[in-house]
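Notebook open, model loaded. Today I look at ring contacts first, then at one strand pair.

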Amino acid sequence: MSASGLYPSLLLLLWSLLSSASSQCDHSSENSKINLNVDYKLPTFTSEFPIQNMVTLDGIIYVGATNRIYALSPNLTKLSEYSTGPLRANETCRLQTHNPNTKLDNRNIALVTENIYDKGLYSCGSADNGICRRHVLYEDDEIGPKMVDDEVYCFTDRARLRKGVDSDVVVSASGSQVLNVESNLIKFFVGNSEIPGNTATPNTHTISVRKMKTSQNGFTFFSSGAHMDLLASLRGNYYLRYVYSFNSGPFTYFLTVQHVSKDSTAFHTRIIRMCATDSVIRRYVEMPLQCISTDKRRKRSTEDVKVFNILQGAYVSKIKEDTELQKQLKVGPNDDVLFAAFAKGKPDSPEATSDSAVCVFSLNHINNMIRRYMQSYECDPHEGMHEGRESTYRLQITQFLPRLEYWHQDLSHTLLTSITVATVHARTVAYLGTSDGRHLQVRVILFSRSSSPHVNIALDSAPVSSSLLLQDQGRLLVATGNKITSVPLIGPGCDQLTTCTSCLLSSRVTECGWCNGRCTRSSQCSSAEWSQEYCAPVITKFWPISAPLRGSTSLTICGHNFGFDKTERLNQDQTKSTSVLNVS
């Protein structure tokens, strides 16, 4: 009989005898065993300087690093580079007060693509004191858009700057989130961080919306209502960090970490929502988000709840093909979902600890909660149509939107620094980065306490950057320090998975199977021996080893994979690493 025919029969026999578990068997986890020392050879690119941002335009990868912008091919071959520093005072876009002979390193604060008037980039560096440079990309027949020196210029009018016009001062040295919402014009939504102790960038606004001038030599505000700022008494004393920004439907969103209130020493995470069609900040809402973990899912007391208050990274995605997750989240295939990596903060501090969790929020649920606080929340694309009481609002909701963590059990000693999400073979997979340079991949299954990573590899000693880039070629670009690593979305290989159970639990994503005691891809094994369906039962011990003939004896059998049948979802929460059979 073939192996595939034998295993189901034996599984059925063992499962029919299974009645209870006993403490006499070793219940050590078998399905999550992973070898952390496996070293995969992956494509990389190494810069001379630390990397801050990555974007893509027409298949070319543009990398914003300290003192450099690189153009890379999809396989990470360097196509060209542009020097952005170090800069003397007279070489910057905005005159500095430092020693004219001193050169400043130019850290890339923001890198934004343009696709309306020209193929272009906006690079905003720390040495330019809030001003961005515009790179008009030259079309090369062989490599596509290319950077050339004579097509780069400071995106400002110095005469306007001297007069105090501040619409060209886009970013802050403390960090910024810049979102280009293109329609028939280029419109930047900008959130600027305010970190006490950091040197402030003069004339920056906390949150703003601006458009490119028709002369294409700077930005302009639509009106004085196009920006908002912290109270003057708070500037320099109030911690506010913009972590992530995105556009969804008619709305533009920012995620921040900041004080709970102006008088509080505690910190939390907020989501900010504005209408993407507004040319001024006319309809503005902010609301706190909370990621919590508890061992008691239904009835929980204060003692059971652990709060993860510091957002580390986020990603918005649709889950079009994962119908199971759609049902769990009560969303449709075209609805956006927010995946967020949180950490537990130190007391009264925005500093994160090595204790993390991942929470998942439906954007529909967030918007529905906002709707409860107002009669009208829709964005109208036509100015002036609603000039009644609901046409303008600036609302701060103080009630938390709490979410139970989807995954925390393996992250209690880990500081997450990044997250992105992709659908692989109709399964949703989270790709996580850590402060010690590791890359994790784990399937998103809500309400499962047994989620475990099927990939956990060391990329570098430097932390994984929050700037990640998904490629159409089924790969993820991960930045760590001066290096970019290209990681396949299905995982770099199967060698990390050391047991049949862990191998087959991941197989629908990783394309791995079990062959002669190893987890491999099918190309590494003969088809007759390679399996993605069944693990052979393994008996580790049994007792008693003898019994009287025709006597009634209880037989206890310990082992693995009793009843393991890798069907849809694999009955993952019911699969036990050790089972006990009582046979009379």
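I call a residue buried when its relative accessible area is under 20%. Worth keeping in mind: this is a predicted model.

**Rings.** I searched the whole structure for aromatic pairs and got 13. I pulled up Phe188 and Phe219 to begin with: their ring centres are 4.9 Å apart and the planes sit at 40 degrees, so I log the pair as tilted. Phe188 belongs to strand β13 (residues 187–192) and Phe219 to strand β15 (residues 219–220), so this contact ties together parts 31 residues apart in sequence. Buried or exposed, I wondered, is Phe219? Its relative accessible area comes out at 0%, so Phe219 goes down as buried. Phe188 is also at 0% and buried.

Next I checked Phe246 and Tyr253. Their centres lie 4.7 Å apart with planes at 10 degrees, so that pair is stacked. Phe246 is buried at 5%, and Tyr253 is buried at 1%.

Back to Phe188 and Phe219: they form one aromatic cluster with Tyr122, Tyr153 and Phe155. I also found a charge over a ring, with the charged end of Arg273 above Phe251, 3.9 Å from the ring centre.

**Strands.** I moved on to β31 (residues 464–471). Six of its eight residues are buried, so the rest of the structure largely encloses this strand. It runs antiparallel to β32 (residues 475–480), and I see five bridges joining them. Leu469 faces Leu477 of β32 across the pair. The two strands make a hairpin with three residues in between. In that turn, Gly474 has a positive phi of about 75 degrees.

Notes:
Residues are numbered from 1 along each chain as its sequence is written. This is a predicted model: local features need pLDDT of at least 70, side-chain atom pairs count only at pLDDT 80 or more; totals for chains, interfaces and linings use all residues. Side-chain values use heavy atoms; hydrogens and water are left out. Buried means under 20% relative accessible area, exposed over 50%, partly exposed in between (1.4 Å probe, protein chains only). Helices (H or I, at least four residues) and strands (E, at least two) are DSSP runs, numbered from the N terminus. Two strands pair if DSSP finds at least two bridges between them. Rings of Phe, Tyr and Trp (its six-membered ring) pair if their centres lie within 6.5 Å; planes under 30 degrees apart count as stacked, over 60 as edge-to-face and the rest as tilted. A charge sits over a ring if NZ of Lys or CZ of Arg is within 6 Å of the ring centre and within 35 degrees of the ring normal.
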